[in-house]
Amino acid sequence: LAAGAVAAPLLPGRAAARRAYDVVPRPIGEGVWLVEGLNEPITAANGGAIANVTLFDTREGAVIVDAGPSHAYGEALKAAAQAVTGKPVARVYLTHIHADHVFGAGAFPPDVVWTTAELNADLALRGDALADAMYRVAGAWMRGTDTPAPARTIATEWEDVGERRFRFLPLAGHTGSDLCLFEERSGVLAAGDLVFLDRAPTTPDADLARWRAALDTLAPISARRLCPGHGPAEAGSRGLKQTRDWLDMIEERITAGFERGLDVIELMQEPLPAWTDKLAVARYEFARSAMHLLPRLERERLPARAA
């Protein structure tokens, strides 16, 4: 979920004193836990703790996929990882640029934080603006949070950490760089925000064609458990199908609205199919997608005004 460079991705709220994050790892496999984020937009009440974090125990230490929205969250995550594994954190892998996934990485030494070269460059370019946006919305929750600067770049197809082998799948579509990880021993696929389950996907940085291609890449993987970026972890491909169905639906409806000459306010009020009633924040995310995607269509298809 993006925190900056967008008109209204976050919900402003009354400033509140920071409380403690409730970081609770729940087992989803042998030596694997999920910290499930809230199915909400980012607000001052929740401090941005809306994204999933996957946690693995290894002989070398805890391995974490994504790090949450703030330095305070990262500290709470570090303590929770040590509590369930009895070991310090050996790796933090970051999947993509969005604020609810990356800013907790600042609580860890840079040399244990790994990501793609593309994401590292994007953090250097846009990270401070994303942090500013989060500070405006989440307030005191963000105290002490800076843009992370991962010291390790993923440049291989896989890495062994202790007894576990993590296969890296550098993809794109939700953002310009979306890293997925498949851990062979547990059969857990950490898909980042390329997959949403029971929560409407977000699209501020999306390329829908590349996103669908990424889903095609993930579909053949025989995962025993798929961990989406948002929503419950479960066996099967329900998250892949639900995400694709949402992308198809918004593209169809926003394109149809453009062809009917609707403006963005009219488009945001269009009815959604009944199946989306089961998705958290569906109406909110459709409205955001209308704000992001309709102007793109207009730029691509409407003739430029003569000078």
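Visitor: Why is Thr276 called buried?

Guide: Its relative accessible area is 2%, and buried means under 20% (exposed is over 50%, partly exposed is in between, with a 1.4 Å probe and protein chains only). Thr276 falls under that cut-off, so buried it is. One caveat up front: this is a predicted model, where local features need pLDDT of at least 70 and side-chain atom pairs count only at pLDDT 80 or more, while totals for chains, interfaces and linings use all residues. Residues are numbered from 1 along each chain as its sequence is written, and side-chain values use heavy atoms, with hydrogens and water left out.

Visitor: Where is Thr276, then?

Guide: Look in the loop between α6 and α7. Helices (H or I, at least four residues) and strands (E, at least two) are DSSP runs, numbered from the N terminus.

Visitor: What is Thr276 in contact with, beyond its neighbours within four places in sequence?

Guide: Trp246, Met249 and Ala282. Contact here means heavy atoms within 4.5 Å.

Visitor: What makes Val281 stand out?

Guide: Its phi is positive, about 50°, although Val281 is not a glycine. You'll find Val281 in the loop between α6 (264-268) and α7. Asp198 is another one to check, with a positive phi near 60° in a residue other than glycine. Asp198 sits in the loop between β11 (188-190) and α4.

Visitor: Is Asp198 buried, exposed or partly exposed?

Guide: At 23% relative accessibility, Asp198 lands in the in-between range, so it counts as partly exposed.

Visitor: What makes α5 and α7 oblique to each other?

Guide: Their axes are 9 Å apart and they pack at an angle of about 55°. Axes are lines fitted to C-alpha atoms, for helices over the stretch in contact, and angles run from 0 to 180 degrees between N-to-C directions. Under 35 degrees is roughly parallel, over 145 roughly antiparallel, 65 to 115 roughly perpendicular, and the rest oblique. The angle of about 55° belongs with the rest, so α5 and α7 are oblique. Their crossing is right-handed (the near helix is turned clockwise from the far one by less than a right angle; anticlockwise would be left-handed).

Visitor: Which residues make that contact?

Guide: From α5, the list includes Trp246, Met249, Ile250, Phe258 and Thr255. From α7 (residues 282-301), it includes Ala282, Phe286, Leu293, Leu297 and Arg301. By class, the contact of α5 with α7 has 11 nonpolar, 2 polar and 5 charged residues. For those classes, Ala, Val, Leu, Ile, Met, Phe, Trp, Tyr, Cys and Pro are nonpolar, Asp, Glu, Lys and Arg are charged, and the others, Gly among them, are polar.

Visitor: How do you know whether Thr255 is buried or exposed?

Guide: Thr255 has 18% relative accessibility, so it counts as buried. Leaving aside neighbours within four places, this α5 residue is in contact with Ile250, Leu297 and Arg301. A polar atom of the Thr255 side chain also lies 2.7 Å from the backbone oxygen of Glu251.

Visitor: Why are α4 and α5 called roughly antiparallel?

Guide: The axes of α4 (residues 208-218) and α5 (residues 238-259) cross at roughly 160° and come within 11 Å. That angle is over the antiparallel cut-off, therefore the label holds. This crossing is left-handed. Among the α4 residues, Leu208, Trp211 and Arg212 meet α5 residues including Leu240, Leu247 and Glu251. The contact has 6 nonpolar, 1 polar and 5 charged residues.

Visitor: What joins the side chains of Glu251 and Arg212?

Guide: A polar contact of 2.6 Å. That term means a pair of N or O atoms within 3.5 Å; within protein, one must be able to donate a hydrogen and the other to accept it, and residues adjacent in sequence count only if both atoms are side-chain atoms. Glu251 has 34% relative accessibility, so it counts as partly exposed.

Visitor: And why is Thr58 called buried?

Guide: Its relative accessible area is 1%, so it is buried. Thr58 is in strand β3 (residues 53-58). Its side chain reaches the backbone nitrogen of Glu60 at 3.1 Å, and a polar atom of that side chain lies 2.7 Å from the backbone oxygen of Gly61.
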